[in-house]
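Subject: Handing over a structure

Hello,

I am passing a structure on to you, and I hope you enjoy looking through it. Please open it first, and then read the notes below alongside it.

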Amino acid sequence: MDFTITPTGATLGARVEGLDLSKPLPDKTFQTLVQALGRHGVLKYPKQNLSSQQLRDFAGRFGELEINVANAYQEPGLPEVMILSNMKQDDKPLGLADAGQDWHTDMSYSNMIAFTNVLYGITIPRRDGKSLGNTEFCNMHAAYEGLPAEWKERLEGKTATHDFNKFWEMMRRERGSARPPLTPEQRAAKPPVSHPLFMTHPITGKRVLYANPGYAIRINEMSEADSDAALAFLFEHQTQPQYRFANQWEEHDLLMWDNMGTIHNAVADYLPHEHRFIKRCQVAATRFFHADGTPRETAPATA
Ligand code: OGA
Ligand code: MN
């Protein structure tokens, strides 16, 4: 199949053209896409035309799909496809309106972390001809590389606790989100988990900084005060302008990103009447890790 992968020239991102994602892809093409995703962090496939089923089938190639049991905004009959939208019908929201509106990594609060998110943009808000609601990313390969040597040394071998409730409460406290507090049952279903702060990326084989302001609450091997100071430093460090890339959406873009090598932020710069409607699948990192989080010996993608 004839297709091209064109890097954006920024710290992250490439554009993939010449593939019709509604059709099953040859294995070789798929392997090339996995490598490109590791290397560029964010891949955009413009001008796609996908049914929800086709979106699910494409995303499902990359690993096990997450089904968000607590979320009402699922495609009927296809619980792996979630709706992100600020649109309403008869006063009822059509989707989750405030997903990801601060820096975070998906599912770092889970034992099985996320590999990739696959978003299909159907309605994109615009003002004065310019699209709104960018998805911004930071490059965690570069953020690791850019750490001062003494920090690399100090944090080597350390682990961090990630808690789903951190982002949830921040949205309620700082963003006026209408989300109710998590119930004790919901909290019990998502207990905090630990992951290494520095991870060997299963596709690139290079180290990445695996921490994010949305969910990381504690460096386990440090006192609380030292951990707070170190996390504040890391959050500041990892979101510096030189690590950033902003994706500007067009309708019919399929956008996917690597959640191990990037962090992201949904920019909330559009108003309620400026409509956004996106379908999403979340892919767990099952092709790289066992259920308990230990790396698989040979990652299929690099074999
Ligand atoms: C997500 C997310 C970003 C966006 O789906 O995990 O953070 O721009 N979305 O909608
Ligand atoms: Mn997200």
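Before the sheets, one term: two strands are said to pair if DSSP finds at least two bridges between them. Please also keep in mind that this is a predicted model.

With that in hand, here is one sheet to look at. It is open and has three strands in the order β13-β12-β16, paired in the antiparallel sense. β13 (193–196) and β16 (216–219) are its edge strands; each has a single partner strand, so one side of each is left without a neighbour in the sheet. On average, neighbouring strands here are turned by 35 degrees against each other, ignoring direction. Between β12 (residues 159–162) and β13 there are four bridges, and His-162 has Val-193 of β13 as its bridge partner.

Another open sheet of three strands follows the order β17-β11-β19, again with antiparallel pairing. Its edges are β17 (244–247) and β19, and because each of these has a single partner strand, one side of each is left without a neighbour in the sheet. The average turn between neighbouring strands of this sheet is 25 degrees, direction ignored. Four bridges hold the antiparallel pair of β11 (residues 135–139) and β17. To find this pair on screen, look for Phe-137, whose bridge partner in β17 is Phe-245.

Now to the ligand. Which residues are around ligand 1? They are Leu-84, Gly-100, His-104, Asp-106, Asn-117, Leu-119, Thr-135, Trp-257, His-264, Ala-266, Arg-276 and Arg-280. By type, this shell divides into four nonpolar, five polar and three charged residues. Some side chains place an N or O atom by an oxygen atom of ligand 1: for Thr-135 the distance is 2.6 Å, for His-264 it is 3.0 Å, and for His-104 it is 3.3 Å. On its own, ligand 1 has 290 Å² of accessible area, and the protein covers 99% of that. Two or more residues of the shell come from each of β8 (114–123) and β19 (262–266).

One last residue to click on is Asn-111, in the loop between β7 (92–93) and β8. Is Asn-111 buried or exposed? With a relative accessible area of 46%, Asn-111 counts as partly exposed, because that term covers values between 20% and 50%. Its C-alpha atom is separated by 9.7 Å from that of His-290, although the two residues are 179 apart along the chain.

Best wishes

Notes
Residues numbered from 1 in each chain as written. Chains lettered and ligands numbered in written order. Predicted model: local features only at pLDDT ≥ 70, side-chain atom pairs only at ≥ 80, totals over all residues. Heavy atoms only, no water. Axes fitted to C-alpha atoms, helices over the stretch in contact; angles between N-to-C directions. Near = heavy atom within 4 Å. Polar contact = N/O pair within 3.5 Å; in protein donor to acceptor, adjacent residues only side chain to side chain. Areas by Shrake-Rupley, 256 points an atom, 1.4 Å probe, with all protein chains shown as cover. Nonpolar A, V, L, I, M, F, W, Y, C, P; charged D, E, K, R; others polar. Buried < 20%, exposed > 50% of the residue type's maximum accessible area, 1.4 Å probe, protein only.
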